[in-house]
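Thanks for sharing this one with me. I have put my comments into numbered points, so you can read them with the model open beside you.

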Amino acid sequence: FKGGDTCEYLLSSGRFLGEKVWQPHSCMMHKYKNSEAKNCLIDKHVVFIGDSRIRQLFYSFIRLINPQIKEEGNKHGNIPFEDKSASIKVDFLWYPEVNGSMRQRIKSWTEGSVAKPHIIVAGAATWSIKIHNGSNEALTQYKINITSIAPLLEKLAKNSDVYWVLQDPVYEDMLSESRKMITNEKIDAYNEAAVRILNSSSRNSKAKVKVFSVSKLIAQETIMKSADGLHLPESSRDTNAMILMNVYCNKIMKPIDGSCCQPQPPLTLIQKLAFCFFTLSIIGYLIINLIHRNNFRKNKSCTDLEGGEEKKPAISTPNVSTLEMLLHSLCKLGLIMTYFYLCDRANLFMKENKFYTHSSFFIPIVYILVLGVFYTENTKETKVLNREQTDEWKGWMQLVILIYHISGASTFLPVYMHIRVLVAAYLFQTGYGHFSYFWIKGDFGVYRVCQVLFRLNFLVVVLCIVMDRPYQFYYFVPLVTVWFMIIYATLAVWPQIVQKKANGNCLWHFGLLLKLICLLTCIYFLSYSQGAFEKIFSFWPLSKCFELNGNVYEWWFRWKLDRYVVFHGMLFAFIYLALQKHQMISEGKGDPLFSNRVSNVLLFISVVSFLTYSIWASSCKNKTECNELHPSVSVVQILAFILIRNIPGYVRSVYSSFFAWFGKISLELFICQYHIWLAADTKGILVLIPGYPMFNVLVSTFIFVCVAHEISQITNDLAQIVVPKDNSTLLKRLLCIAGFFSGLLLFSAMQDQSRH
């Protein structure tokens, strides 16, 4: 960490990821759309002044505002551009040499009566080299001229953004005879003169002319693709224009994936209160720890001088108190949240854009698959979807999803469609697991509900406070929370039908099926009635939980994408438990699930179905169309996988302890990746060790996994304290939690008001 401004890095350093993706050093560059560019530059006047290279940069810049613009007209003259809808003026002024004419034009902007441009982009040198045949006298005159212009540019820089574009290298082998005198040696001499002279009188001033030197680095990689050896290929010019847009617009538009040139966001009132709370927790824990240490020393065994025997203390060392466990957990959580904040809110660590290649996704997949197979053990029980198997399933799915996110594989549609099935499989397990629990146990008590809700939401609520993000931002947790409540409501509402009751009378099975049909009808109605769905979740305070960017559309889209799979999970659990009850399946160790013939037929159908879905997903051409079909067909591959994994007895009897270990902390891994493995709210990658991509991933992954594991333990410890089994104590805690959230809503409203 050099403590420098990320704008300086954006303007001066970076590298190519692949052939066309430019990665600035230490920060992320946002790709501006036309609408965003217009919103940023509304009522602005931008001027490009210089030679043909500056003219090309001008055209690339205005195409960010209007992509229909083409290079035409007088090349050696002034070119105006205006977007009347946004009141944007962008002018190119033809001044191919740094001379008296250019100085006079720049001087006119410094006079009080003339409106000053908001952005000035200037640069020239190759014409001077060409006209004067690369003479040393021309270089001397260039230095004199730029020395006379520099104070004027520095004066303009006090109120405007002024950029001096250094000269790009040329590809000497391709230059025409009339340009042979333009050599890279001469260009370097002119650039050196410009850098030395510009800002020489304002070294310590904030108002500086920004030297746009990154174009040189881009040209070094791409100038050989030039048509004439002098002018950059179009893709490189577009990259330069996008860099200019990021330098000026990031501080105005504040895009999540544009960390370059963005100041650190100020702490909100809620964040300040959270900081105070965690600080007090750490201090409280240290005080209690010191008191316990002193008591332990006082109660230490002492030698009985008369009898020569060791006296035991009258009172044995007490167990860890609830208060100490609470403060210990909050102390650890406070330190972890500090790391979260430093990684993704403070401008302390570097961030980089993702760049997808097939190898960056598939090689790690093969690697973890080998590790998973290596750690194979026997299961404690051989039931379908037993605990070890579901943990294993969650584990390998979570690892694949993590690799998908860090590699940026969402740009590759076949991979995206398969990852959608993995997310659906998580929700399938939600339906299967919770239905099985309520159906078998018949426990609809408040304690069970509170335990589940706490374990699902604790980390996300803390992150919403510390990272200043809405609840819906961590979309998966709201999704599983709402589905849990839907499952609970479906089964808990009168008449409560559980396995024990249904065993006494088979008609209750039809009653439960009727409930499931009603649930399916409601899901179908809401999925095709966006208005009704949005009305339900737009009521305050529900809207505070489910709104993102001022509306609940994102929540509706996420819910709709996997709308049937939880129902499929519930139905599968019902059918499986019915078959198990009537002893229609064999779950002994090493035994196939059904008779040999039936098992072989089902196994064949499952393999064919699994491969058929993969072929369909891999042949997808349109993401929107495939997303429309996904809710109805994703269950095919999920059921096929379950049958392949459980029909053969020897496969059902083993599991991967490696995957199962990750499965136990899968929720924490999914949430923590947002800020301490990825960066900029999952849009980029956290860089702890710049310059060594593989080593950086290893170190950041190790910390990330350790933190997720620690948070899982903290959540389990706090769940025992916050959600006790005693009903009267639980009621008091619920009132405290209600008070906490009421206060949070109040402070949130105050924050929103102060922002507006």
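Below are my notes on the annotated span, the strands, the cores and one histidine.

1. A word on the source: please keep in mind that this is a predicted model.

2. The annotated span. The UniProt record, an unreviewed entry, lists residues 22–91 as "domain: NXPE C-terminal". In the model, this span is 29% helix and 26% strand, and the C-alpha atoms at its two ends are 27 Å apart.

3. The hairpin. Strand β1 (residues 14–17) and strand β2 (residues 21–24) run antiparallel and are joined by four bridges. Across the pair, G14 faces P24 in β2. Three residues separate the two strands of this hairpin, and G18, in the turn, has a positive phi of about 75°.

4. The open sheet. Here six strands line up in the order β4-β5-β3-β6-β7-β8, with mixed pairing. At the edges are β4 (79–83) and β8 (210–212), each paired on one side only. From one strand to the next, the twist averages 15°.

5. Inside that sheet. Five bridges link β3 (residues 45–50) with β6 (residues 119–123), and this pairing is parallel. A good place to look is F48, whose bridge partner in β6 is V121. Helix α6 (residues 136–156) packs on the sheet and touches both β6 and β7 (161–165). The direction of α6 makes about 160° with that of β7.

6. The nonpolar cores. In soluble globular proteins, nonpolar side chains tend to be buried together. The largest core in this model has 135 residues, and those touching the most other members are M337, F340, W393, Y474, F476 and I638. Helix α14 (residues 413–441) supplies the largest share of this core, 17 residues. Beyond its neighbours within four places in sequence, M337 is in contact with F278, L459, V462, L463, V466 and I711. There is also a second, separate core of 45 residues, with C40, V46, I243 and M245 among them.

7. A histidine in a loop. H30 sits in the loop between β2 and α2 (34–41). Is H30 buried or exposed? H30 counts as buried because its relative accessibility is 9%, under the 20% cut-off. Its side chain makes a polar contact of 2.6 Å with the side chain of D257. With neighbours within four places in sequence left aside, the residues in contact with H30 are E36, M242, N246, N250, P255, D257 and G258.

How values were computed: Residues are numbered from 1 along each chain as its sequence is written. This is a predicted model: local features need pLDDT of at least 70, side-chain atom pairs count only at pLDDT 80 or more; totals for chains, interfaces and linings use all residues. Side-chain values use heavy atoms; hydrogens and water are left out. UniProt positions are given in the numbering used here, feature names are shortened, and annotations may be inferred rather than shown by experiment. Two strands pair if DSSP finds at least two bridges between them. Axes are lines fitted to C-alpha atoms, for helices over the stretch in contact, and angles run from 0 to 180 degrees between N-to-C directions. Contact means heavy atoms within 4.5 Å. A nonpolar core is a set of buried Ala, Val, Leu, Ile, Met, Phe, Trp, Tyr and Cys residues joined through side-chain atoms within 4.5 Å. Buried means under 20% relative accessible area, exposed over 50%, partly exposed in between (1.4 Å probe, protein chains only). A polar contact is a pair of N or O atoms within 3.5 Å; within protein, one must be able to donate a hydrogen and the other to accept it, and residues adjacent in sequence count only if both atoms are side-chain atoms.
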